[in-house]
Amino acid sequence: MNSLKPMRFIGAILFTAIPCTAILGLTFVAGFTATVSAQDEPLVGPKPHVVVKPMESHIGNITGHAADAKSDYRRYCAGCHGEYGDANGENAVWLDPKPRDFTTATFKCRSTLTGTLPTDQDLFNSIGRGFANSNMPIWNVFTKQQRANLVAYIKIFSPRWEHEKAGEPIKIPAEPPVTIESISHGQALFAKLECWKCHGTHGEGDGPSASTLTDSKDNPIRPYNFASGGKDARFKCGSTNEDIYKIFMTGVDGTPMPSFADVIQPNEAWDLVHFLRTLQVNRHGKENEVLMAAHGVIPPYVDRTPAPAAAPPDNKTPGGGQ
Amino acid sequence: MRMWAQSHLCQKPQRITSVLAAALALTCVILGASQSASALPAFARKYGLRCSACHESWPMLNYFGQKFKDNGYQLMNDRDAPIWQNPGYWPVTFRITPIWHRVSTNKVQVDGSAGPGGNEAKITSSGFDLSGLDFHTGGTLEKNFSFYVLPSSDATASFHFETVMARLDNISGSPWFNVKLGKFELDNLLSEKRILTLTANGGIYQLYHFIPLNDHNIFGQMGDNQLGLEVMGHSYSDRTRYSISLLSSNDGQVGLPYGSESYSTFITGSQAFDAGKLGVDRLGFYVMAGVAPTSWLTNMGAPIGGSGTQNKGYSREGFVGQFYFGHRVDLTVVTQHGEDSAWFGQGYGDFVDYTTALCPNANPTGPCNNVAGTTLPAGSRSPTWNGVLLEPHYVVSPQMILLARYETIRMSQQSTPGTASNLGNITTYTFGYRYNPFMTSRAGFAYHGEYNWFHQDGTSPVTATNLTSSELLFGIDFDF
């Protein structure tokens, strides 16, 4: 019984290569040319070339390079976000909500103040976390290096990244204990800040303004329904209390959700977080435990803040100036 | 079932002799090929993702696709339930491959030729051909309730159910507990149902179907879909995963055609590692072990299906490694050590389609039947073997992949003493490319070219010398 002969092996390769070349050349070249052109070059309009600028990202001790992400971007991202990052991938028309337009460099989930660019870490987290209630998957199968490279890659689509620096991450104070008082205060803020107008009185995303909302590209957009989802319900920008806190204080850029950083104090923001958690009726968390201990009733908020010292009679301002 | 037929083609020359003499059996096999791979534009349409998101090159899954599958065909973005789809959405995909191929086998039994090879001749043929047709339908019935049904035909439109399964996902909210019931592909990291190659011998993993010459244990073919119950689980990121399956020992054939109480199990586990710039690499193991019958009640000498008893054991075990070297080059390695009971090695086991006597002490016109008082020939041993599979890929771009495969299987112990130690050894090479001229979420289309060379020691039908075959194939592989 013969063993493998090297010459036979080489012959097999040659035997394959020659007809491969011939048949490819004669049979498929026409198809190749037509279809490659169709794939790589739009049939109408100018073609904005994707130039992979030497953008970088920095995630801890990892440096991401845009050039290394070109293949991954085409494989995983371009179908929705578009080859040119303009949210015009072939699937975009079918998606709701629409994919992010990288050419505007406006990002929903940030740790930075509204209107500023996000940090690399913010974008890195967004890729790995995905976006609940959207078509953006959880890309946590990538290596950290791949994600860092993709963060660098999406910067090539907007000149903002060349001229601006990312904003400073906001400082998040330690979370105070969850109490029925904090939940009550949060409920009062929910009413005072008119969150209910969009999110509805029970947080079900059915407020009177809900049907009128659009994003910055005039696409209809729905406010978050806190009551939806099961025990593992996630918010668009994360699932922790800190993530919710950041949403108030940074806003969700590109949507009607504003930043309340100039309106409420940090401790008030935490109270609002505690209240919003109770709207997630299917979630088992400490907020709902506190609420259950209070027999499911949120008492009316009583402002126990010490009143300011009385002003001299001659300086009294009508209406209190508040 | 295509894989089953091919396996027997390769390892049971005494059975295929008549087929080869009547026609070009390899051609027939590829004619009847039902490439049961699972590239599903229906999923891509549902989620708006390109094929390339889940497939290194469709139908082979990449890591993201594996995670999607492990989540029960869900992205876990709270848009998985059908309620989120347009009511007109219908998750069906069909796949078929028109091809041209040239097939050559060096020793086919023929009448009237008495050359140096005895009544054997080399037959080479070429022409245009078709694969079988697959209708894939799968997805979610509700969040965490998924299904997959795959009616599959040969090239003459004779259908069977290749896959039928329902699955409960994330039981108790945990990704570590998912249950699947029905007929399904085994949880092989390198899945034969997602193989990139199409030729008769290159379109299967020989390692997943190997049966020693004259052995009649068909029940350990890891490449065939099996009937059973699978419990599998994985970490949130799918880095760690396991599965345990309880299977009927019937090689996926419906109707309880074999043993009355014959079961097998298939167990896998793997762990992936973030290898930095190299990518995500994975190491794992698998074990398939079980028992299958060797004794049958008979009616007028013919075995009665479902009456099988006298179970005997078998096992297949090995390691799997998936190694990435950047985003262009990867290598998958699968090893195997296999062992069958000496009873199987002496021809007991499968009786379906059995027409040739192998048992020296049994009914000369029927299958080996381990009835009371039956003894094995003196010195009979459990046949054992070792094998390895290497499959490197070079990803030119998400649209083009170059692939190769080398498989070798070496007998380490023959069942019958004195048998040539290399009898039945297999060596096979495959080279090819797949080019997707476009990438969308609507359909799959690939220009496919492939060459396979197959060699098995001592299995030619007349002279028991080396059998060699080769196949060159070009085709257009598409699904929609």
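**Packing, domains and backbone geometry in a two-chain model**

Leaving aside neighbours within four places in sequence, A:Gln145 is in contact with A:Ile62, B:Gly276 and B:Lys277. The model analysed here is predicted. A:Gln145 sits in helix H4 of chain A. Its surroundings hold 21 C-beta neighbours inside 10 Å, so A:Gln145 counts as buried. The cut-off for a buried residue is 20 or more other C-beta atoms within that radius. A:Ile59 lies 86 residues away from A:Gln145 along the chain. The C-alpha atoms of these two residues are nevertheless separated by 8.9 Å.

Helix H4 of chain A also features in the nonpolar interior. The largest nonpolar core has 83 residues. Seven residues have the most contacts inside this core: A:Tyr73, A:Leu150, A:Val151, A:Ala152, A:Tyr153, B:Cys54 and B:Leu207. Helix H4 of chain A, residues 144-154, supplies the largest share of the core, with six residues. The contacts of A:Leu150 were examined individually. With neighbours within four places in sequence left aside, A:Leu150 is in contact with A:Ala69, A:Asp72, A:Tyr73 and A:Ile127. A second core is separate from the largest one and has 29 residues. Among its members are A:Val178, A:Val252, A:Phe260 and A:Leu276. In soluble globular proteins, nonpolar side chains tend to be buried together.

Chain A is divided into two domains. Domain 1 spans residues 56-163, and domain 2 spans residues 180-293. Taken over C-alpha atoms, the centres of domain 1 of chain A and domain 2 of chain A are 25 Å apart. The contact takes 17 residues from domain 1 of chain A and 18 residues from domain 2 of chain A. The side of domain 1 of chain A that touches domain 2 of chain A is mixed in class: six residues are nonpolar, six are polar and five are charged.

Helix packing was examined next. Helix H8 of chain A covers residues 241-250. Seven of its 10 residues are buried, so helix H8 of chain A is largely enclosed by the rest of the structure. The buried residues of H8(A) are A:Ile244, A:Tyr245, A:Lys246, A:Ile247, A:Phe248, A:Met249 and A:Thr250. These buried residues pack against H9 of chain A. A:Gly251 follows H8(A) and has a positive phi, near 75°.

H9 of chain A, residues 266-279, also packs with helix H10 of chain A, residues 286-293. The angle between H9(A) and H10(A) is about 80°, and their axes are 8 Å apart. H9(A) and H10(A) are therefore roughly perpendicular to each other. H9(A) contributes A:His274, A:Arg277 and A:Thr278 to the contact. H10(A) contributes A:Glu287, A:Asn288 and A:Leu291. By class, the contact of H9(A) with H10(A) has one nonpolar, three polar and two charged residues.

Chain B was described by its secondary structure, burial and contacts. Chain B has seven helices and 22 strands. Of the 480 residues in chain B, 56% are buried. Contacts in chain B with a separation of 6 or more were also considered. Residues 24 or more positions apart account for 64% of these contacts.

Two cis peptide bonds were examined. In chain A, the peptide bond from A:Asp96 to A:Pro97 is cis, with omega near 0°. A:Pro97 lies in the loop between helix H2 (70-81) and helix H3 (120-129) of chain A. In chain B, a cis peptide bond joins B:Trp58 and B:Pro59, with omega about 10°. B:Pro59 is placed in the loop between strand E1 (55-57) and strand E2 (60-61) of chain B.

Positive phi values were also examined at non-glycine positions. A:Asp218 is not a glycine, yet its phi is positive, about 65°. A:Asp218 belongs to the loop between helix H7 (196-199) and H8 of chain A. With 7 C-beta neighbours inside 10 Å, A:Asp218 counts as exposed. B:Tyr73 is not a glycine either, and its positive phi is about 55°. B:Tyr73 occupies the loop between helix H6 (63-70) and strand E3 (92-96) of chain B. B:Tyr73 has 22 other C-beta atoms within 10 Å and is therefore buried.

Definitions and conventions:
Residues numbered from 1 in each chain as written. Chains lettered and ligands numbered in written order. Predicted model: local features only at pLDDT ≥ 70, side-chain atom pairs only at ≥ 80, totals over all residues. Axes fitted to C-alpha atoms, helices over the stretch in contact; angles between N-to-C directions. Helix = DSSP H or I, 4+ residues; strand = E, 2+ residues; numbered from the N terminus. Parallel < 35°, antiparallel > 145°, perpendicular 65-115°, else oblique. Contact = placed C-beta atoms within 7 Å. Nonpolar A, V, L, I, M, F, W, Y, C, P; charged D, E, K, R; others polar. Core = buried A, V, L, I, M, F, W, Y, C linked by C-beta atoms within 7 Å. Buried ≥ 20, exposed ≤ 12 C-beta atoms within 10 Å, placed from the backbone. Domains from an automatic or database assignment.
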